[in-house]
Amino acid sequence: MSVNPHQDVERVLLDEETIHERLREMGARIAEDYADEPPLLVGVLKGAAIVMSDLARTIDLDVDMDWMAVSSYGSGTKSSGVVRILKDLGTDISDRRVLIVEDIIDSGLTLKWLLANLRSRGPKSVDVAALLRKPEAARVEIDVKYVGFDIPNEFVIGYGLDYDESYRNLPYVGVLKRSVYED
Ligand code: 5GP
Ligand code: MG
Ligand code: MG
């Protein structure tokens, strides 16, 4: 880990302008789709904090915002689908329209669990908006209503995504140099 985080980036995958442009498109679609009843946006901490704040500001509706933090038990970098709630919603979602805001969907197991958990609380609808989706996600049956970008199966950081809690504040999505995690 360097003091200058940019030095650890192999290459920029999505620059700031590209991300913001895509978020504006997603926000416009969300505003259309929810015009009759604005959703509660549920950001999944910590990774989705940046996506949430930028996406929310592109939606011209009176949306509410709340947050959950979950931790996925698993060995190393693979998630197991067994999830623990670290911070729950402060909002009663029964009869509400809910839109989960995620940073990235990899195996999709965390999201699958989260969807089941929120659906058990009796909302009117639960859907998902994710900035990034990796190829493996296609193999689980989750319908992600709004996807920013389908990306290759590489470990990415920035724009909320971390490696060992670093790099979240990079304004772009980049691929981390292997030398940072292999030595
Ligand atoms: P899933 O259950 O979909 O496999 O896990 C998704 C979670 O794994 C994401 O919320 C994120 O925390 C982590 N994750 C998956 N792929 C990446 C990646 O390329 N970079 C980073 N920083 N985290 C990732
Ligand atoms: Mg996430
Ligand atoms: Mg992480």
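## Two sheets and their helices

R11 stands opposite V175 in strand β9. That pair is a good place to enter this model, which is predicted. From it we can move to the strands, then the sheets, then the helices.

**The whole chain**

How many helices and strands does the protein have? There are four helices and nine strands. Read from the N terminus, the elements follow the order β-α-β-α-β-β-β-α-β-β-β-β-α. A strand therefore opens the series and a helix ends it.

Now look at overall size. A compact globule of 183 residues would have a radius of gyration near 16 Å. The protein has 16 Å, so the value agrees with that of a compact globule. Along the principal axes, the C-alpha atoms fill a box of roughly 50 × 35 × 30 Å. Of the 183 residues, 30% are buried. Contacts also reach far along the sequence. Take the contacts between residues at least 6 apart: 66% of them join residues at least 24 apart.

**The three-stranded sheet**

Back to β9. Three strands build an open sheet in the order β1-β9-β8, and their pairing is antiparallel. Its edge strands are β1 (9-14) and β8 (156-157), each paired on one side only. Strand β9 covers residues 173-176. G174 in β9 is the bridge partner of V12. I157 also stands opposite G174.

**The six-stranded sheet**

Which strands make up the other open sheet, and in what order? Six strands line up as β4-β3-β2-β5-β6-β7, with mixed pairing. β4 (82-87) and β7 (146-150) have a single partner strand each, so one side of each is left without a neighbour in the sheet. From one strand to the next, the twist averages 30°. Helix α2 (residues 49-56) packs on this sheet. The helix touches β2, β3, β5 (97-105) and β6 (125-133), and its direction makes about 155° with that of β2.

Residue pairs show how β2 is held between its neighbours in the strand order. On the β3 side, V44 has M68 as its bridge partner. On the β5 side, L41 has L99.

Here are some strand pairs from both sheets.

| Strand pair | Sense | Bridges |
|---|---|---|
| β1 and β9 | antiparallel | four bridges |
| β8 and β9 | antiparallel | two bridges |
| β2 and β3 | parallel | six bridges |
| β2 and β5 | parallel | four bridges |

**One residue inside β5**

I100 lies in strand β5. Is I100 buried or exposed? I100 is buried, because 23 other C-beta atoms lie within 10 Å, and 20 are enough to count as buried. Leaving out residues up to four places away in sequence, I100 touches V42, V44, L114, V126 and V128. V44 is the residue whose bridge partner in β3 is M68. L45 is 55 residues from I100 along the chain, yet their C-alpha atoms are separated by 11 Å.

**Helix α1: two sides**

Helix α1 takes in residues 16-33. At 1.5 Å a residue, its 18 residues should span 26 Å. The end C-alpha atoms are 26 Å apart, which agrees.

Which residues of α1 are buried? They are I19, L23, M26, G27 and I30. Seen down the axis, the buried residues fall within an arc of 105°, so they line one face of the helix. The spacing fits a simple rule. An α-helix has 3.6 residues a turn, so residues three or four places apart point the same way. On the other side of α1, E17, E21, E25 and E32 are exposed.

What covers the buried residues of α1? The cover includes β1, α2, β5, β6, β7 and β9. Among these, β1 and β9 belong to the three-stranded sheet, while β5, β6 and β7 belong to the six-stranded one.

**Helix α2: against the sheet**

In α2, the residues I50, V51, M52 and L55 are buried. These residues pack against α1, β2, β3, β5 and β6. The two helices thus share a boundary, because α2 is part of what covers α1 and the buried residues of α2 pack against α1.

How values were computed: Residues numbered from 1 in each chain as written. Chains lettered and ligands numbered in written order. Predicted model: local features only at pLDDT ≥ 70, side-chain atom pairs only at ≥ 80, totals over all residues. Pairing = 2+ DSSP bridges. Axes fitted to C-alpha atoms, helices over the stretch in contact; angles between N-to-C directions. Contact = placed C-beta atoms within 7 Å. Expected span 1.5 Å × (residues − 1). Buried ≥ 20, exposed ≤ 12 C-beta atoms within 10 Å, placed from the backbone. Arc of directions from axis to C-beta. Rg over C-alpha atoms; globule rule 2.2 N^0.38 Å.
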